[in-house]
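User: I'd like a close look at one part of this structure, please. Take your time, and show me how that part sits in the rest of the protein.

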Amino acid sequence: MTATAQNHATLGILFVTAGILAISINDMLFKQLSGAYPLHELVFLRSALGLIFSLVLVRFEGGWQILKTRRPGLHIFRGLLIVTANMCYFAALAALPLADATALFFAAPLFITLLSIPILGEKVGLVRFTAVLIGFIGVVIMQRPWADADSLEVSRLVLLLPVIAALTYAMTQLMTRKLGVESKASALSVYIHASFVAVSVCFFIAVGDGRYAAAFDDPSMQFLLRAWIWPAQKDWPVILGLGINAAIIGYSLSQAYRLADAATVAPFEYLGLPLAVFWGWIIFAELPLIEVWIGMALILGSGIFVFLREKQKARVVARAPVKRR
C-alpha cells in the first residue's frame with residue numbers, strides 16, 4: 001500500500017469512527033426526547049439545522065456548483081429510502097431498549113448480501129450464504145417468536161420496525177452501488193437533510209395537529225402522531241446538539257467512504273453496537289436480555305465474517321449500516 005493510500009485509509013477510519021460516535025449520541029438524544037415531542041418535529045429541527053451546517057461545508061468544498069447533479073431522481077429516491085429507514089428506526093427507539101433496536105438494525109449488511117443476488121446479479125457462495133443465515137437466526141432469536149404477546153414488553157410490529165429499517169437501508173445502498181453517486185461529501189449531506197426536511201413538513205401537514213394520536217397507546221405510534229409543540233427552553237441545547245450531530249454524521253460517513261475503500265472502513269461501523277449498549281446502560285439503566293445478547297453476537301459475528309470474506313475474494317463489499325444521517 002502506498003503512503004497516500006495508507007493516509008486515505010487512516011483518514012477514512014477516523015471519519016467513520018467520528019460518524020458512528022455521532023450516530024450513537026444522536027440515537028441516545030432522540031430516545032431522551034421521544035416522550036415529549038413527535039418524531040417528525042425532531043427530524044425537522046435536526047435536519048434543518050444539519051442542512052444549514054452542511055451548506056456552510058458546501059461553500060468550503062467548492063461552492064454552490066457542487067450541488068448540481070445529473071441524477072436528481074436518484075438522489076430523491078435515495079433520500080426517501082433513507083428517510084423511511086430512519087423513521088422506522090426512531091419510532092422503534094421510543095419503545096425498545098437502545099441496544100435492541102441497534103442490534104436489529106445491523107441486519108442491514110445481511111439484507112445487502114441477499115438482495116445483491118437479484119438486484120446486482122452477484123454470486124453468493126455457500127459459505128457467505130451460511131453466514132448470512134446465521135445472522136438472520138440472530139434476528140429471529142431477538143424477535144422471540146416462542147413468547148406470547150402478553151409476555152413481550154412491546155408489540156410484534158415494534159420489534160419488526162428496526163428490521164424494516166434495515167431492509168430499507170439495504171435497498172438504499174444497493175441502489176447507490178448499482179447507479180453510482182459522484183458528489184462531494186457535503187453535497188450528499190445536503191441532499192439527505194433536504195429529503196428529511198421535505199418529508200417532515202409533509203408529516204406536519206398531514207398529522208401535525210395530533211388528531212390521530214389519541215387513538216393509540218403504543219409509545220411508537222404516539223411518537224409518530226403526537227402534535228407539534230414549541231420546544232421547551234431546557235431542550236434547545238439538546239436539539240442544537242442533534243443538528244450539529246446530523247451535520248457530523250452526514251459529512252463524516254460520506255467522506256469516509258470517499259477517502260477509503262468500503263472493506264477498510266465498513267467494519268468500524270460495528271462500533272455502534274457496543275456504544276448503544278453503553279448509552280443504554282448509562283443513560284436509561286437498560287441492559288439487554290440474554291436473547292438479545294445471543295442475537296447480537298450472531299448478527300455481529302456473521303456481519304464481520306461477510307466483510308472479511310468479501311475482502312478476501314476482492315469483491316465489492318456490502319456496507320455496514322449508515323443508519324441515521
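Analyst: Helices (H or I, at least four residues) and strands (E, at least two) are DSSP runs, numbered from the N terminus. This is a predicted model, where local features need pLDDT of at least 70 and side-chain atom pairs count only at pLDDT 80 or more, while totals for chains, interfaces and linings use all residues. Residues are numbered from 1 along each chain as its sequence is written, and side-chain values use heavy atoms, with hydrogens and water left out.

Let me set the scene before we settle on helix H4 and its surroundings. The protein has 13 helices and zero strands, so, going by the definition of these elements, the chain is described with helices and what joins them. Read from the N terminus, its elements run α-α-α-α-α-α-α-α-α-α-α-α-α. Of the 325 residues in the protein, 54% are buried (buried is under 20% relative accessible area, exposed over 50% and partly exposed in between, with a 1.4 Å probe and protein chains only). Contacts, meaning heavy atoms within 4.5 Å, often span long stretches of sequence: among those between residues at least 6 apart, 85% join residues at least 24 apart.

Now to H4, which covers residues 98–105. Two packed helices are described by the angle between their axes and the distance between the axes. The axes are lines fitted to C-alpha atoms, for helices over the stretch in contact, and angles run from 0 to 180 degrees between N-to-C directions. One partner of H4 is helix H6 (residues 126–143), which packs against it at an angle of about 150 degrees, with the axes 10 Å apart. H4 and H6 are therefore roughly antiparallel (angles over 145 degrees count as roughly antiparallel, under 35 as roughly parallel, 65 to 115 as roughly perpendicular and the rest as oblique). On the H4 side the contact uses Asp100, Ala103 and Leu104, and on the H6 side Val139, Met142 and Gln143.

Another partner of H4 is helix H12 (residues 272–284), at an angle of about 165 degrees and with 8 Å between the axes. H4 and H12 are therefore roughly antiparallel to each other as well. Here H4 contributes Leu98, Ala99, Thr102 and Ala103, while H12 brings Gly272, Leu273, Ala276, Val277, Trp279 and Gly280. Ala103 thus appears in the contact with H6 and again in the contact with H12, which is a handy place to start if you are tracing H4 on screen.

Let's follow the chain out of each partner. Arg144 lies in the loop between H6 and helix H7 (156–179). Arg144 is buried, with a relative accessible area of 9%. Setting aside neighbours within four places in sequence, Arg144 is in contact with Leu152, Glu153, Arg156, Leu289 and Glu291. Its C-alpha atom is 9.3 Å from that of Val292, although Arg144 and Val292 are 148 residues apart in sequence.

On the H12 side, Ala285 sits in the loop between H12 and H13. Ala285 is exposed, at a relative accessible area of 69%. Its phi is near 55 degrees, a positive value in a residue other than glycine. For context, most residues other than glycine have a negative phi.

Beyond that loop, Leu300 belongs to helix H13 (residues 290–312). Leu300 is partly exposed, with a relative accessible area of 27%. Not counting residues up to four places away in sequence, Leu300 touches Tyr270 and Leu273. Leu273 also takes part in the contact between H4 and H12, so in terms of heavy atoms within 4.5 Å it links Leu300 to that pairing. Tyr270 is 30 residues from Leu300 along the chain, and their C-alpha atoms are separated by 7.4 Å.

Elsewhere in the protein, Val83 is found in helix H3 and is buried, with a relative accessible area of 3%. Beyond residues up to four places away in sequence, Val83 touches Ser195, Phe196 and Val199. The C-alpha atoms of Val83 and Ser195 are 7.1 Å apart, with their positions 112 residues apart in sequence. Phe30 is another residue worth displaying: leaving out residues up to four places away, Phe30 touches Leu39, Leu42, Val43, Arg46, Phe90, Leu93, Phe223 and Leu242.
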